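Biologist: Could you take a close look at the aromatic rings in this model and tell me how they pair? I would also like a word on one loop position afterwards.

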Amino acid sequence: MFTKQRLTGAYEGARVEPFDETTKYVFISDHHRGDGSLSDEFTRNRNIFQYALEYYYRNSFTYVEAGDGDELWEYQDVKHIKNAHPAVFSTIKQFFDEDRFIMMWGNHNIYLKDPSYVERHYYTNYDEYYETFYSFLEGLKPIEALVLKHTRTGQEILTVHGHQGDAPNDQFWVLTMLSLKYFWRFLHAFGIRNPSSPVKNISRRHKIEKNYSKWISENKMMLICGHTHRFKYPRKNALPYFNTGCCVYPTTITAIELVGEEIQLVRWHVKSDEEGSLNVVRSVMRGPDNVKEFDLRDLTESPVL
């Protein structure tokens, strides 16, 4: 519903950042950070995510959190989320302090559209030991959409969370939020997922991806998003639809990396070595490919859907 209008509106109001052969971006979405309780799906992969985040910090990446970072439908008091994952937020602050952090909102943290909400919950943090507040992400301005524009060729890459036009999670998100907050949240603790979510509903997920592919074909632009929790990397001659996946798979997280002009899908997961020790490792799942291979502006025929 209204996918075309919503995506076009997001593109027109997007924050624009340059990219070239010297820049590095990593896109990760759908962390769903909670309060550390049994219903917090992020906790099982927290150590993997922390290791990956520190890697990207050391290697000079700009970190794009592409929506649903904090699970605000289930836990609206952000202080409990921050207190449950202090090391993660400490590293995020390091990115923020160096102007290498871009936070986007998705459906599960749509409250970030409200600047007063962001100021109240993210500008400061509370130190429980010293019982005092201190400056945290002061000045943070979450966005709905990001456009990366190549400094030489003008090629553009649009990034959104991916809920745009998905009616239950966009136009009618309040109703979906209430059902999650007061019902499905408690079932998460036992591994039961909401069947109406695109994560579990295959037909809805395919419909969303098909609508996005239509927009890509009409607007001749690469698209990076999340929301469905299913990672996607286009096959050769397919439309350039990329999906970051999520951080709540069992024992693994996925991400999209844009290093210079090369894009690739990577997985961070736990793997044992020859001595039986468990280590967090990074594996390239798809790519790398030069982004110019996904530039549709000069094509006379559109790739297959």
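Modeller: Tyr233 and Phe242 are both buried, and I should say at once that this holds for a predicted model. A search of the whole structure finds 19 aromatic pairs. Among them is the pair of Tyr57 and Phe95, whose ring centres lie 5.4 Å apart with 75° between the planes, an edge-to-face arrangement. This pair joins distant parts of the chain, since Tyr57 belongs to helix α2 (residues 46-58) and Phe95 to helix α4 (residues 86-97), with the two positions 38 residues apart in the numbering. Phe95 has 0% relative accessibility and therefore counts as buried, the cut-off being under 20%. The two buried residues named at the start, Tyr233 and Phe242, also form an edge-to-face pair, with 5.1 Å from centre to centre and 85° between the planes. Tyr57 and Phe95 are, in addition, members of a cluster held together by ring pairs, which also includes Phe42, Phe49, Tyr63 and Phe101.

As for the loop position, Ser277 sits in the loop that runs between β12 (262-272) and β13 (278-290). Its relative accessibility is 35%, so Ser277 counts as partly exposed, a class that lies between the buried limit of 20% and the exposed limit of 50%. If neighbours within four places in sequence are left aside, Ser277 is in contact with Lys271 and Ser272.

Key:
Residues are numbered from 1 along each chain as its sequence is written. This is a predicted model: local features need pLDDT of at least 70, side-chain atom pairs count only at pLDDT 80 or more; totals for chains, interfaces and linings use all residues. Side-chain values use heavy atoms; hydrogens and water are left out. Helices (H or I, at least four residues) and strands (E, at least two) are DSSP runs, numbered from the N terminus. Buried means under 20% relative accessible area, exposed over 50%, partly exposed in between (1.4 Å probe, protein chains only). Contact means heavy atoms within 4.5 Å. Rings of Phe, Tyr and Trp (its six-membered ring) pair if their centres lie within 6.5 Å; planes under 30 degrees apart count as stacked, over 60 as edge-to-face and the rest as tilted.
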